[in-house]
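Reader: I am new to this structure and should like to understand the terms applied to it. Would you explain how each description is reached?

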Amino acid sequence: MKNTVLLLFIALSFAAFGQRYEYVYRNAKDHTINCYLKIYPKTDSIKGLIVRDFTTLPDSSKKSPYRFVDLASEAGMMTLITSTSTYFPELYTSDAPMNMLDEMIHEVLEEHNIPKNKVFIGGISASGARALRFAQYCARGASDLKIRGVFVVDSPLDLERFYTSASQHKANFTDGMLWEAEHMIPLFDSLFRGGPDEHLEDYRNASVFSHTDPKGGNAHLLKNTDILIFHEPDIDWWITERGCSYYDINSYDLVAFTVFLRSLGNENVDMISTTGKGFNRQGERKPHSWSIVDEGYLMQWILARVH
């Protein structure tokens, strides 16, 4: 655990919808970063910790349309929602935000006497990529945490592939894919001082997985990690609604990543491919949505690994 001197600290506890939750701001003067939300279980004891890293903390006074946090609380798991960056999409291309996350997780584990080997982490899209990057951070010895499992929902894993897709296929994209390409190209140019043609190793080092590296890039660090992946590769929708090919969607990374880890002998990488489940909160069709997750199955997957 990294040693940190906290000059300012504030914690606010509340209860809503039958749950107790607590906001912790490690710097009382800044509520946008270096802070976290603890959602307590509805049981007398805490079995383990589920971590979700966001760019902003949610408002717990508002009821979510999803059941995952409720299921976690009922099952005796504490949920920890953290904020380690203020910009979207943070992809953990450097250790700095992971150092911060490591400190916050250790803080919560120590306060609530939760074992270091009962930590789960996951998320959708960039948040899922961050979860895998943090698991790699721990696996290479940067932390003494033992990540028990990672869950990933339609996340981009190879930044070289991401950049190539955005730069070469942007003319075909529409709506959200076009916005993302126009946003990500200058962001990557800034982060890496150019594209992968000029800085290939930097892209590989900052990615969960590399298609073009025969050794898979950083993926080998996860050969002993339990991973559950959800994706919905509805290519008809992606072609019609976003102008994408298979190469442009995150399933391209997720499938190759799964095959690679299994080739290394990891028999605990599971992939669930859904059909017709992806809808946004407005009820509109969108495969890249949390609604593709079977939340009950995910919670059972976690609980099977707590004991």
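Author: The exchange below takes up several descriptions in turn and sets each value against its cut-off. The model is a predicted one.

Reader: How many disulfides are there, and how do you know that C35 is in none?

Author: The count comes to zero disulfides. A disulfide requires two cysteine sulfur atoms within 2.5 Å. For C35 the nearest cysteine sulfur belongs to C138 and is 20 Å away, and C35 is in no disulfide.

Reader: What makes C35 and C244 buried or exposed?

Author: The term buried applies under 20% relative accessible area. C35 has a relative accessible area of 0%, so C35 is buried. The value for C244 is 4%, and therefore C244 is buried.

Reader: Why are helices α5 and α7 called roughly perpendicular?

Author: Two packed helices are described by the angle between their axes and the distance between the axes. Helix α5 covers residues 175-192 and helix α7 covers residues 235-242; the angle between them is about 75 degrees, and their axes are 7 Å apart. Roughly perpendicular covers angles of 65 to 115 degrees, and α5 and α7 are therefore given that description.

Reader: Which residues make that contact, and of what kinds are they?

Author: From α5 come D175, G176 and M177, while α7 supplies W238, E241 and R242. These residues of the contact divide into three charged, two nonpolar and one polar.

Reader: Why are the buried residues of α7 said to line one face of the helix?

Author: The buried residues of α7 are I235, W237, W238 and R242. Seen down the axis of α7, they fall within an arc of 155 degrees, so they line one face. These buried residues pack against α5, whereas D236 and T240, on the other side of α7, are exposed.

Reader: What comes after α7?

Author: G243 follows α7, and its phi is positive, near 70 degrees.

Reader: Why is L191 called partly exposed, and where is it placed?

Author: L191 lies in helix α5. Buried means under 20% and exposed over 50%, with partly exposed in between. The relative accessible area of L191 is 33%, so L191 is partly exposed. Leaving aside residues up to four places away in sequence, L191 touches Y87 and T93. The C-alpha atom of L191 is separated by 13 Å from that of N205, 14 residues apart along the chain.

Reader: What makes the phi values of N34 and D154 worth stating?

Author: Most residues other than glycine have a negative phi, and most peptide bonds are trans. The phi of N34 is near 60 degrees, a positive value in a residue other than glycine. The phi of D154 is near 50 degrees, also positive in a residue other than glycine. N34 is placed in the loop between β2 (19-25) and β3 (35-39), and D154 in the loop between β7 (147-153) and α4 (159-169).

Reader: How do you know whether N34 and D154 are buried or exposed?

Author: The cut-off for buried is again under 20%. N34 has 17% relative accessibility and therefore counts as buried. D154 has a relative accessible area of 5%, so D154 is buried.

Reader: Which residues does the cis peptide bond join, and where is P89 found?

Author: The cis peptide bond joins F88 and P89, with omega about -5 degrees. P89 is found in the loop between β5 (77-83) and α2 (96-112).

Definitions and conventions. Residues numbered from 1 in each chain as written. Predicted model: local features only at pLDDT ≥ 70, side-chain atom pairs only at ≥ 80, totals over all residues. Heavy atoms only, no water. Buried < 20%, exposed > 50% of the residue type's maximum accessible area, 1.4 Å probe, protein only. Axes fitted to C-alpha atoms, helices over the stretch in contact; angles between N-to-C directions. Helix = DSSP H or I, 4+ residues; strand = E, 2+ residues; numbered from the N terminus. Parallel < 35°, antiparallel > 145°, perpendicular 65-115°, else oblique. Contact = heavy atoms within 4.5 Å. Nonpolar A, V, L, I, M, F, W, Y, C, P; charged D, E, K, R; others polar. Arc of directions from axis to C-beta.
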